[in-house]
Structures are given as structure tokens and as C-alpha cells.
Amino acid sequence: MNDANPGPDPVRAPWQAPMRAALEEAERAPATGDVPVGAVVLAPDGTVIGRGRNEREATGDPTGHAEVLAIREAARAVGEWRLSGCTLVVTLEPCTMCAGAIVLSRLDRVVYGAVDEKAGAAGSLWDVVRDRRLNHRPEVVSGVLADECSALLTRFFRDR
């Protein structure tokens, strides 16, 4: 291997398949007028235990973000609010509300695709999930299939 083509990224490559599942959720959101953001929660063994896509327009619920809905479904599947050992995979960097939900649900990791420079709270505008003042700080993996995640959002807003 040469430096011009370093090969697969060992940090991001394992998260591509779950990110594709999150992208499938995101692709369903525009049918209800919602921004195409999708999320899945993985159990420690990698099984999907929660799915969500933005549903604010569909439900009129301001908390109807993909991450929150996926976390709620995962908590029901596990039977408690603590999602220790679990991973949230989401197509767009979480906002402050979702970052708070990630911390409070004790997820071990958040994996996201596109950066949200206007409202991101996992490293770009803020870094709520890794704030040292909090008692829980999940690992963050960013940029997984970022181009595909960004393109979905770009198409949605261009078409509006």
C-alpha cells in the first residue's frame, strides 16, 4: 500500500454497515416532510435494538428526532433506560437535545456521518457528549459515510 491510497479506515470501516441501516431510515423521513436523518441503536453484540428517523413534521412533536426515537425503542427492547454497552449510529451529528439524551441514556458510543456545523453537539459547534463536567462521556466516531449522509441532506434542502 502507498501513502496515496491508505486503504480502509480501521476506525470508521466497522461502522459502515450500521450507518447504511441508519441511511435507510433517513431515506424514509422526507415522505412526511421531515429532514432525512436516521438512527439505529446497536446492542453490545451489534444487533439493532432501536430505529428512528426524524418525525417532527409527521407527529408535531419537537422531540421527534431520529436519535431520541431510536433511543426510546432501544430502552423498551432492553427493558430499562440504561443503554450501557450500546452504540447509537446516526446520519447527522446530534444536536444538544440528542446529545443530552445520549449522555443520560449511558450509551457507550455515538457514531455519526455528516457534521452539523450549525447545531452539532458532538464536536463541531459544541461537544456536550464529551464535556468533562458530566459523569458519562461516550466515545465519538465521526465521519462514517459522511459524503453519503451529507448528499442526502443536500438533495432534500435543494429540492425544497
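These exercises work through the fold of one predicted model, each with a stepwise solution.

**Exercise 1. Overall build**

Task: State how many helices and strands the chain has, and in which pattern they follow the sequence.

Solution:
- Step 1. Count the elements. There are five helices and five strands in the chain.
- Step 2. Put them in sequence order. The pattern reads α-β-β-α-α-β-α-β-β-α.
- Step 3. Check the compactness. The chain has a radius of gyration of 15 Å, and the globule rule gives 15 Å for 160 residues, so the chain is as compact as a globular protein of that length.
- Step 4. Add the extents. The C-alpha trace spans about 50 × 40 × 30 Å along its principal axes.

**Exercise 2. Burial, surface and contacts**

Task: Find what share of the residues is buried, and what share of the exposed area carbon and sulfur atoms supply.

Solution:
- Step 1. Take the burial. Of the 160 residues in the chain, 44% are buried.
- Step 2. Take the surface. The chain exposes about 8,400 Å², and 49% of it comes from carbon and sulfur atoms.
- Step 3. Turn to the contacts. Consider those with a separation of 6 or more: 58% of them join residues 24 or more positions apart.

**Exercise 3. The sheet**

Task: Determine the strand order of the sheet and name its edge strands.

Solution:
- Step 1. Write down the order. The five strands form an open sheet, 2-1-3-4-5, with mixed pairing.
- Step 2. Find the edges. Strand 2 (48–53) and strand 5 each pair on one side only, which makes them the edge strands.
- Step 3. Get the turn between neighbours. On average, neighbouring strands are turned by 15 degrees against each other, direction ignored.
- Step 4. Place the helices. Helix 3 (residues 66–78) packs on the sheet and touches strand 1, strand 2 and strand 3. The direction of helix 3 makes about 150 degrees with that of strand 2. Helix 1 (residues 16–28) lies across strand 1 (38–42), strand 2, strand 3 and strand 4. Helix 1 runs at about 140 degrees to strand 1.

**Exercise 4. Strand 4 and its neighbours**

Task: Describe how strand 4 pairs with strand 3 and with strand 5.

Solution:
- Step 1. Judge the cover. Strand 4 covers residues 109–114, and five of its six residues are buried.
- Step 2. Take strand 3 (residues 87–92). Strand 3 and strand 4 pair in the parallel sense over five bridges. Thr 87 stands opposite Arg 109 in strand 4.
- Step 3. Follow the connection. From strand 3 the chain passes through helix 4 (residues 96–104) to strand 4, a right-handed β-α-β crossover.
- Step 4. Take strand 5 (residues 139–141). Strand 4 and strand 5 run parallel, joined by three bridges. In strand 5, Val 140 is the bridge partner of Val 110, and Val 141 that of Val 111.

**Exercise 5. Arg 130**

Task: Is Arg 130 buried, partly exposed or exposed, and which residues does Arg 130 touch?

Solution:
- Step 1. Locate the residue. Arg 130 sits in the loop between strand 4 and strand 5.
- Step 2. Classify the residue. Partly exposed lies between 20% and 50% relative accessible area. Arg 130 has 36% relative accessibility, so Arg 130 counts as partly exposed.
- Step 3. List the contacts. Leaving out residues up to four places away in sequence, Arg 130 touches Ala 122, Gly 123, Arg 137, Pro 138 and Val 140.
- Step 4. Check a C-alpha distance. Arg 130 and Val 103 are 27 residues apart along the chain, with their C-alpha atoms separated by 8.8 Å.

Definitions and conventions
Residues are numbered from 1 along each chain as its sequence is written. This is a predicted model: local features need pLDDT of at least 70, side-chain atom pairs count only at pLDDT 80 or more; totals for chains, interfaces and linings use all residues. Side-chain values use heavy atoms; hydrogens and water are left out. Buried means under 20% relative accessible area, exposed over 50%, partly exposed in between (1.4 Å probe, protein chains only). Helices (H or I, at least four residues) and strands (E, at least two) are DSSP runs, numbered from the N terminus. Two strands pair if DSSP finds at least two bridges between them. A crossover is right-handed if, with the strands pointing away from the viewer, the path from the first strand over the helix to the second runs clockwise. The radius of gyration is taken over C-alpha atoms; the globule rule is 2.2 Å times the number of residues to the power 0.38. Contact means heavy atoms within 4.5 Å. Accessible areas come from the Shrake-Rupley method with a 1.4 Å probe; for residues, only the protein chains shown count as cover. Axes are lines fitted to C-alpha atoms, for helices over the stretch in contact, and angles run from 0 to 180 degrees between N-to-C directions.
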